[in-house]
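Student: I should like to work through this structure with you, one question at a time.

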Amino acid sequence: MTVRSWARLWWGRVRAVDSDIQAAAALATIIGACLTAVSLVVTFGDEEETPSAAETTTGAPSIPVGSHPPRASDRATETPEPCTLRAGQQASCDAAGAGLVMSTGDCDAESVYRALGLDPRVDRIGIDIATGAASCWIAPDSAAASHGATAADLRQIAGGEVMVALRVCAARADGPRYSCADPHRAEIVGLRDEDTDRAGASRVCQERAEVYAGRAFDGTDTALTSEAVTWGNEAIECSVSTRRPVVGSVRDIGDGELPGRGA
């Protein structure tokens with residue numbers, strides 16, 4: 001082999017190696033670029049906003065820092081309603097047949113009225129009273145209950161609200177008693193009075209009727225009059241009477257109009 005031929009062979013090999021080096025460098029550049037792109041994708045794909053403390057408690061009530069959730073034994077329990085059925089079973093005060101259980105000392109009508117916040121000299125409501133072991137059981141009577149009165153309505157009396165159905169009325173002063181939610185011409189005022197003699201009955205009933213209705217009964221009022229009914233020789237009962245049948249009550253009517261006309 002001549003020197004020229006040897007030189008050509010050597011130069012060809014050098015050029016081949018140089019090409020391989022350039023190709024390797026190019027490949028390395030491409031691989032590096034790909035790895036950088038992949039790293040950026042992973043970085044941005046995993047980046048999320050850090051949730052706030054409120055968001056990490058989704059579905060749970062907020063509890064102040066440093067406090068502990070209330071224990072079941074610490075939670076307030078609902079106070080049972082003070083009503084039972086006649087046989088003693090606990091019942092809702094709105095339930096039919098339920099009565100209000102009260103501690104009044106004595107279970108006579110006057111004591112019960114005062115415990116309810118009523119004045120037994122002028123107020124009259126339709127209730128049944130039964131004596132318990134250490135309390136009184138009080139429920140609307142059948143006339144009041146037929147118009148929807150419940151023990152819950154008895155509870156409202158302490159706040160000064162007396163349902164019309166609980167008021168006691170009659171077709172006439174000495175007639176059978178029923179609810180003032182039915183047409184009537186006489187509204188009973190107070191409990192029967194066994195301490196007033198018959199001679200003073202008219203005066204006593206006029207005074208009580210004036211307190212009850214909130215207006216004067218001096219003989220000039222023709223829409224309302226006071227009446228006294230005597231029961232035997234020992235008891236009287238007072239009423240406020242109207243010239244026409246009405247539905248409703250004249251309690252605290254003052255100078256206002258009479259309740260709606262009844263049939």
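The exchange below concerns a predicted model and treats its chain, a helix, two spaces and two loop residues in turn.

Student: To begin with the chain as a whole, how many helices and strands are there, and what percentage of the residues is buried?
Tutor: The chain holds five helices and 10 strands. Among contacts with a separation of 6 or more, 49% are between residues 24 or more positions apart. Of the 263 residues, the buried share is 32%.

Student: Which residues line the largest pocket, and which element gives the largest share of that lining?
Tutor: The lining consists of Glu 110, Arg 114, Pro 120, Arg 121, Leu 191, Arg 192, Asp 193, Glu 194, Asp 195 and Arg 208. Two elements give two or more residues each, namely α2 (109-116) and β7 (184-193). The largest share, three residues, belongs to β7.

Student: What is the volume of the largest pocket, and how many residues of its lining are charged?
Tutor: The volume of the largest pocket is about 190 Å³. Its lining contains two nonpolar residues and no polar ones. The number of charged residues is eight.

Student: Why do the buried residues of α2 line one face of the helix, and within what arc do they fall?
Tutor: The buried residues in α2 are Val 112, Tyr 113 and Leu 116. Viewed down the helix axis, the buried residues of α2 are confined to a single arc, so they line one face of the helix. That arc is 100 degrees.

Student: Against which elements do the buried residues of α2 pack?
Tutor: The partners include one helix, α4 (151-156). The strands against which these buried residues pack are β2 (99-102), β3 (127-131), β4 (136-140) and β7.

Student: At the start of α2, which residue has a side-chain oxygen that reaches a backbone nitrogen, and which residue just after α2 takes a positive phi?
Tutor: At the start of the helix, a side-chain oxygen comes to within 3.3 Å of the backbone nitrogen of Glu 110, and this oxygen belongs to Asp 108. Just after α2, a positive phi of about 90 degrees is found at Gly 117.

Student: How many cavities of 30 Å³ or more does the structure have, and which element gives the largest share of the lining of the largest cavity?
Tutor: A search of the whole structure finds one cavity of 30 Å³ or more, and the space in the largest cavity is about 30 Å³. Its lining is formed by His 184, Arg 185, Ala 186, Glu 187, Val 240, Thr 242, Val 246 and Val 250, which divide into four nonpolar, two polar and two charged residues. Both β7 and β9 (235-247) supply at least two of the lining residues. The largest share, four residues, comes from β7.

Student: Is Arg 167 buried or exposed, and with which side chain does it form a polar contact?
Tutor: Arg 167 sits in the loop between α4 and β5 (168-170). Its relative accessibility is 7%, under the 20% cut-off, so Arg 167 counts as buried. Beyond four places in sequence, Arg 167 touches residues including Val 162, Tyr 178, Glu 187 and Arg 251. At 3.1 Å, its side chain makes a polar contact with that of Asp 123.

Student: Where does Asp 252 lie, and is Asp 252 buried or exposed?
Tutor: Asp 252 is located in the loop between β9 and β10 (260-261). Its phi is near 60 degrees, a positive value in a residue other than glycine. With a relative accessible area of 56%, over the 50% cut-off, Asp 252 is therefore exposed.

How values were computed:
Residues numbered from 1 in each chain as written. Predicted model: local features only at pLDDT ≥ 70, side-chain atom pairs only at ≥ 80, totals over all residues. Heavy atoms only, no water. 1 Å grid on protein atoms, 1.4 Å probe; cavity = no way out; pocket = protein on both sides within 12 Å on 5 of 7 lines; lining within 4 Å. Points joined across faces, edges and corners; volume = space filled by probe spheres on them. Nonpolar A, V, L, I, M, F, W, Y, C, P; charged D, E, K, R; others polar. Buried < 20%, exposed > 50% of the residue type's maximum accessible area, 1.4 Å probe, protein only. Arc of directions from axis to C-beta. Contact = heavy atoms within 4.5 Å. Polar contact = N/O pair within 3.5 Å; in protein donor to acceptor, adjacent residues only side chain to side chain.
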